[in-house]
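Please look over the sequence and the model shown here. This short report walks through a sheet, the domains and the confidence values.

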Amino acid sequence: MDALAVFPDPPPPELARTLDVAGYSWLSVSSPEDAAKNEPPGGWAGAVVVADADPDGAWALCRAMRKKDRNVTRLLVLVSGRQLGDLELRDELFDDFCLTPFHPSEVEARLRHLVWRQGTTDVRQDLVEYTGLVLNLDTYQASIDSHPLDLTYMEYELLKFLAQNPGKVFTRETLLSRVWGYEYYGGARTVDVHIRRLRAKLGEEHANLIQTVRSVGYRFGQSRWSSAAPAS
Amino acid sequence: MLEQQKDYVLHTVEERGVRLVRLWFTDVLGNLKSFAISPAELENALEDGMTFDGSAIDGYSRIQESDVLAMPDANTFEVLPFGDTKTPEARVFCNIHNLDGSPFDGDPRQVLKRNLQVAQQLGFDFYVAPDMEFFYFAPPVAGQPPQPLDAAGFFDLTTTDVAGTLRKQTIRTLETMSIPVEYSFHEDAPSQHEIDLRHTDAMTMADSIMTFRLIVKEVAAQQGVHATFMPKPLEGVQGSGMHMHLSLFRGDENAFYDEDDLYNLSPTAKAFMAGLLYHASEITAITNQTVNSYKRLVPGFEAPVHISWARNNRSGLIRVPIPKKANPTATRLEYRSPDPATNPYLAFSVLLAAGLRGIKEGYELPAEADANLFEMSDAELAKLGIAQLPQSLSDSLRVMEGSSLVFEALGEHIFEWFLRNKRSEWRAYKTHVSQFEHDRYLRSL
């Protein structure tokens with residue numbers, strides 16, 4: 001298994017010891033740039049981010065780890081009790097959290113659970129499927145009811161992001177920052193324009209896969225706990 | 001990001017078995033130009049661009065150096081929905097650069113990009129939605145007048161409507177090429193149709209208009225029909241316009257919207273509109289670039305003649321459409337003189353420059369002209385301070401020549417070339433002796 005990224009650099013000695021004792025290989029990183037530079041060839045196996053000393057730096061790193069091209073999906077953040085409020089609205093930036101000061105066995109247990117939950121080999125999922133829609137993340141191809149969809153790059157990226165998060169409502173701002181990054185072209189209306197195009201390409205039967213949530217944003221499909229049958 | 005886009009394009013070419021990739025760009029007159037490369041060359045092209053000789057392209061020629069570099073914009077890569085499905089083709093729009101990598105001054109797309117950057121520095125994104133009008137005719141025969149396909153009027157429905165079927169196919173094809181359609185209908189004139197595109201940022205829209213004109217012609221040609229964007233193909237019925245619905249957004253907010261204003265227009269919208277009105281004559285050579293364009297801009301055919309604005313007066317140059325309910329994002333200005341033969345990159349550039357000038361200099365918006373201007377005498381119009389748009393290509397070129405605004409917006413290269421090229425078009429027209437003259441003068445004089 002590849003190394004975990006650990007923030008900050010150097011990490012608190014207690015954390016370093018815990019990881020070593022538990023047998024993880026890890027590298028400490030000081031910034032998103034640093035993490036990109038030192039990333040193992042197979043990508044980071046996960047990340048442990050201590051947020052209590054430098055919260056801004058910590059969240060910046062989490063955000064970078066979630067960037068679509070090297071999405072790290074085992075992200076444990078360590079926060080102080082006073083920071084619990086900071087977790088709100090950042091749900092998409094971590095997979096689990098732990099309070100500081102931490103208990104070594106708790107960090108170890110949570111990490112072990114994250115790794116177990118996501119399987120030990122494949123960090124990236126190759127196929128995203130949802131009622132007739134299939135996205136192959138390796139070949140960048142999308143199809144609906146086995147017919148290929150011809151998408152532009154940004155249409156594909158937007159559909160991929162939405163389909164990976166069924167049932168979740170995203171604001172336009174979130175979609176812009178998560179899918180386009182901050183250097184988008186054409187302004188915030190871009191999201192509406194792309195949604196409109198995607199619906200047209202999905203075809204009448206499937207256009208309602210992407211729903212407009214009035215004065216909030218957009219939602220793809222249904223969440224798992226919804227009683228309503230998924231749109232077909 | 002760039003790496004990923006490239007990857008996306010290369011994978012798609014491979015997976016879909018694309019045989020040919022068309023590199024698209026636009027000459028100064030607004031004609032779509034293209035050269036094709038094989039998929040094997042694509043990676044190289046995405047990385048370093050493709051060199052080609054620009055001297056054959058209208059408006060690209062220079063004295064010292066004729067080679068230019070086409071850099072594909074990977075964001076615009078799409079598989080083309082027509083042609084043989086067994087040997088699919090794709091297209092990608094290109095930015096044209098000099099060999100040293102700097103933007104090439106003769107490339108209309110680079111010109112628009114530069115003008116959009118000016119707007120972005122002021123915090124604005126420029127959005128456009130055009131109403132595209134065009135005619136379907138039987139394939140043209142030299143020396144014969146155009147033959148309309150039908151004689152149906154506005155919103156007419158007939159069961160055996162060839163043109164209606166064509167329009168439906170066209171819209172389907174547009175949607176698969178990421179060009180959303182808002183409305184479509186049969187227009188006033190026989191065989192005239194209108195397809196309204198949904199608003200998007202100006203660069204995407206300019207690309208979309210280039211694609212649109214190709215798709216309309218292509219789909220029609222498959223059924224043996226000739227589609228034309230000629231501004232006034234038939235005498236005595238209305239011509240084809242390309243009304244442009246314009247708005248500026250600041251992030252998510254429509255900068256043209258003001259809840260408290262009577263017409264929901266913000267001070268920004270009013271100053272932008274004042275800029276358009278003030279500079280309208282100067283930019284008309286660009287928005288109406290053919291001799292034929294000025295045969296559309298005459299009274300009585302729903303085309304504007306006078307430089308005025310109103311909330312709901314279709315005889316004026318600018319209309320302020322009433323949005324459905326109170327919809328802040330739909331507040332916009334409809335600029336009505338352009339025709340679909342314009343170069344969209346250049347037209348958007350000069351419209352934006354004129355409007356921004358109004359904002360920067362704080363132009364005062366003249367009073368609304370809500371009467372029917374076609375029924376007013378020249379004296380009445382003069383009293384209201386309402387001028388006319390240039391009456392011919394020659395007139396509009398003369399006004400454009402003195403315009404520092406258009407010079408700055410287009411850059412010296414295109415400004416000079418355009419005037420030269422269009423002057424020679426005017427000269428060719430001026431020396432032509434028409435049927436009109438024979439009919440009127442041959443016997444009587």
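Two strands count as paired if DSSP finds at least two bridges between them. The structure is a predicted model.

**The sheet**

With that rule, chain A has an open sheet of four strands. Their order is 6-7-8-9, and the pairing is antiparallel. Which strands sit at the edges? The edge strands are strand 6 (127-130) and strand 9 (147-149) of chain A. Each of these two pairs on one side only. Neighbouring strands of the sheet are turned by 25° against each other on average, with direction ignored.

The table lists the pairings.

| Strands of chain A | Sense | Bridges |
|---|---|---|
| 6 and 7 (residues 133-136) | antiparallel | four bridges |
| 7 and 8 (residues 141-144) | antiparallel | four bridges |
| 8 and 9 | antiparallel | three bridges |

**Residues across from each other**

Follow the sheet from strand to strand. A:Tyr130 stands opposite A:Leu133, which lies in strand 7 of chain A. Next, A:Asn136 faces a partner in strand 8 of chain A: A:Gln141 stands opposite. Then comes A:Ile144, and opposite stands A:His147 in strand 9 of chain A.

**The hairpins**

How many residues lie between strand 7 of chain A and strand 8 of chain A in their hairpin? There are four residues between them. One residue in this turn, A:Tyr140, has a positive phi of about 65°.

Strand 8 of chain A goes on to form a hairpin with strand 9 of chain A. Here two residues lie between the strands. A:Asp145 is in this turn and has a positive phi of about 45°.

**The domains**

Step back to the whole chain. The domain assignment splits chain A into domain 1 (4-117) and domain 2 (127-220). How many Å separate the centres of domain 1 of chain A and domain 2 of chain A? The value is 29 Å, taken over C-alpha atoms.

**Confidence**

How sure is the predictor? Chain A has a mean pLDDT of 82. Of its residues, 88% reach 70 or more.

Some stretches score low. Over residues 121-125 of chain A, pLDDT stays under 50. For this stretch the model has five contacts beyond four places in sequence. Residues 224-232 of chain A also have pLDDT under 50 throughout. For them the model has 11 contacts beyond four places in sequence.

Notes
Residues are numbered from 1 along each chain as its sequence is written. Chains are lettered from A and ligands numbered from 1 in the order in which they are written. This is a predicted model: local features need pLDDT of at least 70, side-chain atom pairs count only at pLDDT 80 or more; totals for chains, interfaces and linings use all residues. Axes are lines fitted to C-alpha atoms, for helices over the stretch in contact, and angles run from 0 to 180 degrees between N-to-C directions. Domain bounds come from an automatic or database domain assignment. pLDDT is the predictor's confidence in each residue, from 0 to 100. Two residues are in contact if their C-beta atoms, placed from the backbone, lie within 7 Å.
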